[in-house]
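Trainee: Got a minute to go through this one with me? I'd like to start with how the helices pack.

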Amino acid sequence: MKIDRIDLFHVAMPLIYPWKTAYGEDAAIHAVLCRMSSGSLWAWGESAPFAAPCYSPEWAGGAFAVARDWLAPAIVGHELASSSDLLDRLQVYKGNPFAKAVFDIAWWGLKSRASGIPLHRLLGATRDQVAVGADFGVMDSVDDLLSSIDAAVSEGFPRVKLKFRPGWDLPMLKRVRETFPNQVFHIDCNSGYTLEDRELFREVDELGLAMIEQPLPHDDLLDHATLQSELQTPICLDETIVSVHRAQQACRIGACGWVNIKPGRVGGLTNAVAIHDTCQAAGIPCWVGGMLESATGSAACVALAMLDNFSYPADIFPSARFYHEDLADPPLALTPGESGEPSVHAPLEIPDPVESRLKSLTIEAATVRAS
Ligand code: MG
């Protein structure tokens, strides 16, 4: 496929309520979208590094600038027979996985439309439906959290993830565990701790969690391996896994028992599948995370989640959970699985943003054409 034109958008999508994590609060999700055109076909890619460089060193304004000034010009006008061709053209530019992911995901969308094959099949999936989990950020009170968990348990969510940060950690978790002794829980620390906190994690280890997600700094592997050797509860790496190479190293040194894969964080679907395969070969199961993308970006996450080694319910949310109106149409909706658990169905294709909504949410836009 020869890439003729790329349109880029930096959008801010207002949330129904702020998303609170160890990094702070987001009132809107900042994302970068691209419309990649080849002949009469086009497809969209999205990644959401958020407004500030707190989850990772990238941020939406920076990702947009890198995409406009360096990445899009390296792709436009070129024949890209495979996604490896695309990534090869971007390889000279170090890092910036969220910015690169926008293009990689759009390329897969184009490939899907050109071939008429649904994206999840192109990625190698045989399933069409997987379960999703419930996920709760920091709330105003533990009582509010307990009633939200109660609702999620009643709705049949197979697991519940809790944000965990200083000031909202062990006392909260102990009350949750006392109230729901049999529910599957895990905590996401978003890099909020260090090895100095190993005593805290020894107490967490007694609470029978499914995993402890990213307890230590975002760029660390060795301390995670040390902590993992001291705990029964598996550690799940999220922020740390930004490339296939990093995933290989994590597997090799025993830094984790699980890996959370987000297409944005690892540079797109091509790397996401390679990390999935690497972990599978090492006997490490994975699950798919999201960055509160619109239905455009979420569709890529849903397609990815259909691969076999994703064996823990995904962090994929219906549009209505966070947005009054999704940027794209159709919005993402949950459907009951075989046992009634909330699930997602593989999309036939990545939905396009609605033009009027895109216009009203765009902060900056650019077009790069073949000369
Ligand atoms: Mg996480």
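Mentor: Sure. Helix α1 passes helix α2 in a right-handed crossing. Keep in mind that this is a predicted model.

Trainee: Okay, which residues make that contact?

Mentor: On the α1 side you have L71, A74 and I75. From α2, L86, R89 and L90 take part.

Trainee: And at what angle do the axes of α1 and α2 cross?

Mentor: Roughly 135°, and the two axes come within 9 Å. For orientation, α1 covers residues 60-75 and α2 covers residues 83-90. Angles over 145 degrees would count as roughly antiparallel, so α1 is oblique to α2.

Trainee: Got it. Switching to strands: what's the order in the open sheet of three?

Mentor: The order is β4-β13-β12, and the pairing is antiparallel. At the edges sit β4 (129-131) and β12 (335-336), each pairing on one side only.

Trainee: What holds strands together in general, again?

Mentor: Backbone hydrogen bonds: strands of a sheet pair through them, either parallel or antiparallel.

Trainee: So how many bridges are there between β4 and β13?

Mentor: Three bridges, in the antiparallel sense, with β13 spanning residues 342-345. If you want a landmark there, V130 stands opposite V344 in β13.

Trainee: Nice. Now E213, is that buried or exposed?

Mentor: Buried. Its relative accessibility is 0%, and buried means under 20%, so E213 counts as buried. You'll find E213 in strand β8, residues 212-213.

Trainee: Which side chain does the E213 side chain make a polar contact with?

Mentor: That would be H186, at 2.8 Å, side chain to side chain.

Trainee: What else is E213 in contact with, leaving aside its neighbours within four places in sequence?

Mentor: Besides H186, the list has K161, I187, D188, C189, N190, C236, D238, N260 and W287.

Trainee: Last one, H120. Where does it lie?

Mentor: In helix α4, which runs over residues 119-122. H120 is buried as well, with a relative accessible area of 3%.

Trainee: What does the H120 side chain make a polar contact with?

Mentor: The side chain of R121, at 3.5 Å.

Trainee: And which residues does H120 touch, not counting those up to four places away in sequence?

Mentor: A125, R127, D128, A303, M306, A346 and P347. Try pulling those up around H120 in the viewer.

Key
Residues numbered from 1 in each chain as written. Predicted model: local features only at pLDDT ≥ 70, side-chain atom pairs only at ≥ 80, totals over all residues. Heavy atoms only, no water. Helix = DSSP H or I, 4+ residues; strand = E, 2+ residues; numbered from the N terminus. Buried < 20%, exposed > 50% of the residue type's maximum accessible area, 1.4 Å probe, protein only. Polar contact = N/O pair within 3.5 Å; in protein donor to acceptor, adjacent residues only side chain to side chain. Contact = heavy atoms within 4.5 Å. Pairing = 2+ DSSP bridges. Axes fitted to C-alpha atoms, helices over the stretch in contact; angles between N-to-C directions. Parallel < 35°, antiparallel > 145°, perpendicular 65-115°, else oblique. Left-handed = near helix turned anticlockwise from the far one by under 90°.
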